[in-house]
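Here is a set of exercises to work through with the sequence and the 3D structure open. Try each task before you read its solution.

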Number of protein chains: 2
Amino acid sequence: MTERLYAPGPVAVPPEVLEALSRPVMHHRTAAFRELFIRVRGQLAALMGAPEDDALLISGSGSSAFEAAFVTSVPRDTSVLALGGGKFAERWASLARRFDHPVEFLDTPWGTTFDPQRLAAALALLPPAGVVTLVHSETSTGVLHDVAAITAVVRRWAPEALVLVDAVTSLAVVELKPHEWGVDALVSGSQKGVMLPPGLGFVWLSERAWARAADARSRHRAHSLDLHRERERQRQGDSGTTPATSMVVALGVALERLFGRGLENHLSDLARRNQALLAGGKALMAQPFAQRPSPAVAAMRAPQGIAAPAVVAELAAAGLRIAGGQDQLKDFLLRPSLLGDCNDHDVLVLVEALERAFSKLGAVSPAGAGRHAASAALLR
Amino acid sequence: MTERLYAPGPVAVPPEVLEALSRPVMHHRTAAFRELFIRVRGQLAALMGAPEDDALLISGSGSSAFEAAFVTSVPRDTSVLALGGGKFAERWASLARRFDHPVEFLDTPWGTTFDPQRLAAALALLPPAGVVTLVHSETSTGVLHDVAAITAVVRRWAPEALVLVDAVTSLAVVELKPHEWGVDALVSGSQKGVMLPPGLGFVWLSERAWARAADARSRHRAHSLDLHRERERQRQGDSGTTPATSMVVALGVALERLFGRGLENHLSDLARRNQALLAGGKALMAQPFAQRPSPAVAAMRAPQGIAAPAVVAELAAAGLRIAGGQDQLKDFLLRPSLLGDCNDHDVLVLVEALERAFSKLGAVSPAGAGRHAASAALLR
C-alpha cells in the first residue's frame with residue numbers, strides 16, 4: 001500500500017513534480033541545463049527572501065547544506081553559541097563540536113521559545129566575531145522561533161556574530177527576510193516546503209558570511225562542502241561536481257508552481273490549515289504543544305492516557321503517515337503535517353483519522369467535535 | 001528538443017527506472033523503506049564484488065562518495081601517492097592536498113597506463129601505512145587501468161598502504177573483485193553504469209580501511225561524510241540524515257534490471273559495443289586514444305584536420321549528446337559512450353552520426369566504411 005504522507009518531511013510531492021522526475025535525464029554541461037540552473041537558483045533566492053543574491057544548490061541532504069554553510073563561513077576555533085529547544089537545534093551544536101569549536105548551548109524547554117534576557121546573558125559571554133546557530137521552525141517540537149526578535153537581541157549584544165539559521169521547515173512555509181532580520185545563513189532541503197523528494201540542499205549566505213572565512217588558511221578543511229569556489233561556478237550555471245540534474249528540473253517545476261499560485265496565498269493556506277488541524281486536535285483533547293506554532297507541523301499532545309506511538313500505528317494501518325515524537329517526546333507527541341501537496345480536505349481527513357484512532361484507543365470525545373472545530377477554523 | 005545521451009555520464013536512464021522516480025515518495029522511517037534500503041544495499045555490494053560486505057549509499061555526487069571514503073579511512077597527515085593519467089585522477093590528489101596531506105603525484109601521459117617499474121620506484125618512497133589513490137576507468141581518457149596489476153605492485157612495495165579506487169565508471173561496467181585484488185575502497189555514483197540520474201554516491205571500504213582511522217582523534221573533522229557511525233545505521237536500514245528515498249527506490253529497480261538480464265551478459269554487451277564503436281571510428285580515421293580501452297567510453301581522436309568541438313556541436317544539432325575532450329585533450333578528443341540504456345542499434349546510430357559530421361566538416365572516408373566495420377565488430 002502506498003502511504004499518504006502527512007509527516008513534516010518527506011512530504012507528498014505534487015503529480016506534476018513527480019512527472020518532471022520521470023523525464024529523460026538532462027546533461028549538465030549543456031546550454032539548456034545551465035540556463036535552467038541559473039533560472040532555478042534565482043527563483044530559489046526569491047523564495048529565500050533575497051532575490052538579488054546567490055542561493056546555492058547542493059547535491060545532498062539538508063544536513064549537508066547545513067555543514068556546507070558552516071564550513072564555508074565559520075573560521076576554525078570560532079566560539080559558537082547554539083540555541084537549543086529541540087532535536088534539530090542540537091544538530092548544529094554537535095556539528096560545531098565535531099569541528100572542535102568551543103560551544104555554549106543555550107537550551108529552552110522543548111515546545112517553548114527563548115527568553116530574551118537569558119539570550120542576552122548568554123550573548124554577553126560570547127567572544128566577538130562568534131557564531132550563533134538556531135533553528136527557525138523546530139520540526140521536533142513544532143515551534144516557530146522568532147528569528148527577527150532573536151536576531152535583534154544578537155545584534156545588540158554581539159553585533160559581529162554570524163547568525164546561522166536552519167530554515168529546513170520554514171522555507172516556503174513562512175516569509176523569510178534575511179536582510180531585514182540580519183541573518184547570515186539560511187539552509188534548507190528539498191523534501192519539505194518546496195515539495196520535492198529528498199536529495200537537494202539549499203544554502204544562502206550573507207556577504208558578511210562569505211567574507212568571514214575568506215582566508216583559506218583559517219577555513220575548515222573541506223572539499224565538496226566548501227562553497228567558495230562553488231559560488232563562482234554556480235553563477236555561471238556550472239558546478240564542481242555533477243549536480244542532481246533531474247532534481248533541478250523538478251525543482252524548477254515546483255517553484256513555478258509555488259510562484260504561479262501566488263506565494264502569499266500558499267503561505268496563508270499553510271498557516272490556516274495548520275491552525276485548523278490544531279483546532280481539530282484540541283477539540284479531541286489533543287492539546288497544542290508549541291508555544292508559538294510553526295505552520296510546518298501541528299504538534300499536539302495525545303489525549304490523556306493514550307500512547308502517541310499507538311496513534312501513529314493506527315493511522316499507518318489506515319494508510320496515513322504522520323510523525324510521532326522524538327526522544328523525550330516519544331510517548332505523547334503527535335506531529336501530523338500538511339506541508340506537502342495538501343488542500344483543505346486533507347485537514348478533515350486527518351482530524352477524522354485522529355478521532356477514530358483516539359476513540360479506538362479508549363479516548364472519549366463528543367462525536368464529530370474535531371471535524372466541527374477544524375471546519376470552523378478552515379473558514380476563518 | 002530532448003537530447004539522446006551518449007556521454008559517459010549522466011547517461012540515458014531506462015524507462016522503468018524513470019517510472020520508479022515518478023512514484024509517490026516513501027517515508028524513510030518506515031519498515032517498508034528500511035527493508036528496501038537493506039535489500040538495495042545488498043545488491044549494490046554484490047555489484048561491487050563484495051556481496052557479504054557493507055556498501056553504503058550517500059546522498060550526493062560521486063565526488064562526495066570519494067571524499068567520504070577518504071575522510072573515513074585516511075588518518076590525518078598520512079602520506080598519499082596519487083596515480084595520475086587523467087582529470088579524475090587529479091581530483092584525488094587535490095582532495096588529499098585540500099586536507100593537508102603530503103602528496104606525491106605519479107603521472108603517466110593521458111591515454112596511457114602505468115609503468116610498473118616507475119610505480120615500484122614511487123612506492124619505495126611512500127612511508128609505511130600510506131595511501132595510494134587511483135582511478136579504475138579514467139573517464140577523461142577512456143583508459144581502463146589494470147587495478148589487479150597495480151595493486152599487486154603496491155602489495156609488494158608498500159604492503160600496508162591503503163589502495164583507494166575511483167570506480168565511478170567501472171561499477172556495472174567491468175567485473176570488480178576488491179577482495180581478490182586487495183583494494184581498500186571503491187567509490188562510485190548513480191549516473192554512470194547503474195543508469196540512474198545523478199544524486200547518489202556509493203562507498204565500499206575494506207575492513208582494513210574501516211579500521212585504519214578507527215581512532216577518532218586521528219581522523220579528519222567531518223560530519224555527514226564520516227561514515228563510521230553511518231555504517232551501523234545503514235546496517236539497520238537507517239541513515240543519519242534523510243536519504244534520497246526516491247533515488248533508492250529507483251536504484252532498486254535499476255539493480256533488479258541489471259541482475260535480471262544477467263550481469264555477465266550486460267558487461268559483455270558493453271565491452272562488445274564499445275569495441276564496435278571504436279572499430280567504426282577507426283574506419284572513419286578516428287584513432288582510438290586509450291592504450292587499454294574502458295568499456296565505459298570510446299575515446300577517439302577526431303580525424304586529422306577536424307576540430308573535436310565542431311564534431312560535438314554537429315552531433316548536438318542532431319540531438320545526440322556525446323562528450324568531447326577535457327583540458328589538453330579538448331581540441332581533438334571525442335568521447336561517445338554507450339554506458340546508458342543502449343543496444344546494438346545505438347552503435348550504428350553513433351557511427352552514422354560521426355560519419356556525417358566528419359564528412360560535413362571536410363573529412364574524406366569511403367561511404368559506409370564506419371558502419372561496415374562497426375557491424376562486423378558487433379557480430380564478434
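Two residues are in contact when heavy atoms of theirs lie within 4.5 Å. Keep in mind that the model is predicted.

**Exercise 1. Find the surroundings of A:G86.**

Task: Which residues does A:G86 touch, not counting residues up to four places away in sequence?

Solution.
- Step 1: Locate the residue. A:G86 sits in the loop that runs between strand 3 (80-83) and helix 4 (87-98) of chain A.
- Step 2: Apply the contact cut-off. Setting aside residues up to four places away in sequence, A:G86 touches A:W110, A:E138, A:S140 and A:T141.
- Step 3: Check the burial. Buried means under 20% relative accessible area. A:G86 has 0% relative accessibility, so A:G86 counts as buried.
- Step 4: Look along the chain. A:D327 is 241 residues apart from A:G86, yet their C-alpha atoms are separated by 9.6 Å.

**Exercise 2. Do the same for A:H145.**

Task: Is A:H145 buried or exposed? Which residues is A:H145 in contact with, leaving aside its neighbours within four places in sequence?

Solution.
- Step 1: Find the loop. A:H145 lies between strand 7 (143-144) and helix 6 (147-157) of chain A.
- Step 2: Compare with the cut-off. The relative accessible area of A:H145 is 2%, so A:H145 is buried.
- Step 3: List the contacts. Without its neighbours within four places in sequence, A:H145 is in contact with A:T112, A:T113, A:F114, A:V135, A:H136, A:E138, A:I150 and A:R292.

**Exercise 3. Describe chain A as a whole.**

Task: How many helices and strands are there in chain A? Why can chain A be called as compact as a globular protein of its length?

Solution.
- Step 1: Count the elements. Chain A has 14 helices and 14 strands.
- Step 2: Compare the radius with the rule. The radius of gyration of chain A is 21 Å, and the globule rule gives 21 Å for 380 residues, so chain A is as compact as a globular protein of that length.
- Step 3: Read off the extent. The C-alpha trace of chain A spans about 65 × 55 × 35 Å along its principal axes.
- Step 4: Turn to burial. Of the 380 residues in chain A, 62% are buried.
- Step 5: Look at the range of contacts. Take the contacts in chain A between residues at least 6 apart in sequence; 72% of them join residues at least 24 apart.
- Step 6: Finish with the surface and the charges. Chain A exposes about 13700 Å², and carbon and sulfur atoms supply 52% of it. Chain A carries 39 positive and 38 negative side chains, and the centres of the two sets lie 2 Å apart.

**Exercise 4. Spot the unusual backbone.**

Task: Which peptide bond in chain A is cis? What is phi of A:M285, and what is phi of B:A129?

Solution.
- Step 1: Recall the rule. Most residues other than glycine have a negative phi, and most peptide bonds are trans.
- Step 2: Find the cis bond. A cis peptide bond joins A:G9 and A:P10, with omega about -10°. A:P10 lies in the loop between strand 1 (4-5) and helix 1 (15-21) of chain A.
- Step 3: Turn to chain B. The peptide bond from B:G9 to B:P10 is cis, and omega is near -10°.
- Step 4: Read phi in chain A. A:M285 is not a glycine, but its phi is positive, about 75°. A:M285 belongs to the loop between helix 11 (263-283) and strand 11 (300-301) of chain A. With 45% relative accessibility, A:M285 counts as partly exposed.
- Step 5: Read phi in chain B. B:A129 has a positive phi near 55° and is a residue other than glycine. B:A129 is in the loop between helix 5 (116-124) and strand 5 (131-135) of chain B.

**Exercise 5. Look across the chains.**

Task: Which residues does B:R221 touch, not counting residues up to four places away in sequence?

Solution.
- Step 1: Place the residue. B:R221 lies in the loop between helix 8 (207-212) and helix 9 (227-235) of chain B.
- Step 2: List the contacts. Residues up to four places away in sequence are not counted; B:R221 then touches A:R98, A:F99, A:D100, A:R221, B:R76 and B:A216.
- Step 3: Classify the exposure. At 22% relative accessibility, B:R221 counts as partly exposed.

Methods. Residues numbered from 1 in each chain as written. Chains lettered and ligands numbered in written order. Predicted model: local features only at pLDDT ≥ 70, side-chain atom pairs only at ≥ 80, totals over all residues. Heavy atoms only, no water. Helix = DSSP H or I, 4+ residues; strand = E, 2+ residues; numbered from the N terminus. Rg over C-alpha atoms; globule rule 2.2 N^0.38 Å. Buried < 20%, exposed > 50% of the residue type's maximum accessible area, 1.4 Å probe, protein only. Areas by Shrake-Rupley, 256 points an atom, 1.4 Å probe, with all protein chains shown as cover. Lys, Arg positive; Asp, Glu negative; His and termini not counted. Charge placed at Lys NZ, Arg CZ, Asp CG, Glu CD.
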